[in-house]
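Please examine the sequence and the three-dimensional structure shown here before reading further.

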Amino acid sequence: MDMMSMVSGMLAAQAGNVQMQVAATLMKSNADSQKSAVLTLLGAASQNVSSLANVGAGIGGNLDISA
């Protein structure tokens, strides 16, 4: 193996490593944003349920959306 092909192979390996690090960082960032969105939705759902705690029985139980 000549010197240029060895250097070229090492540079390609380093570039692949950098790409893997960038991909891992993006995946973690995406997972963190997904987690944040889910927690926001769960928090909004719990607030909506608690806001119906003081209404009478049967209120909000049946909803006709056919119209």
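The following paragraphs move from the chain as a whole to its surface and then to a pair of charged residues.

The structure is a predicted model. Its chain contains 1 helix and 0 strands. The helix, H1, covers residues 3-51. The chain has 67 residues, and buried residues make up 0% of them. A residue counts as buried only when its relative accessible area is under 20%. The accessible surface of the chain amounts to about 6100 Å², and carbon and sulfur atoms account for 65% of that surface.

One part of this surface deserves a separate look. Met 3, Met 6, Val 7, Met 10 and Leu 11 make up a nonpolar surface patch, and together these residues have about 500 Å² of accessible area. Met 10, which belongs to helix H1, may serve as an example. Its relative accessible area is 54%, and Met 10 is classed as exposed because the cut-off for that class is over 50%.

Charged side chains also form a contact. The count of salt bridges in the model is 1. It joins the side chains of Lys 28 and Asp 32, with a distance of 3.1 Å from N to O. Where do Lys 28 and Asp 32 lie relative to each other in helix H1? The two residues are 4 positions apart in the helix, so about one helical turn separates them. The partners can also be described by their accessibility. Lys 28 is exposed, at 53% relative accessibility, whereas Asp 32, at 40%, is partly exposed.

Methods: Residues are numbered from 1 along each chain as its sequence is written. This is a predicted model: local features need pLDDT of at least 70, side-chain atom pairs count only at pLDDT 80 or more; totals for chains, interfaces and linings use all residues. Side-chain values use heavy atoms; hydrogens and water are left out. Patches are made of residues with over 30% relative accessible area and no salt bridge: like charges are joined within 9 Å, nonpolar side chains (Val, Leu, Ile, Met, Phe, Trp, Tyr) within 5 Å. Accessible areas come from the Shrake-Rupley method with a 1.4 Å probe; for residues, only the protein chains shown count as cover. A salt bridge is a side-chain nitrogen of Lys or Arg within 4 Å of a carboxyl oxygen of Asp or Glu. Buried means under 20% relative accessible area, exposed over 50%, partly exposed in between (1.4 Å probe, protein chains only).
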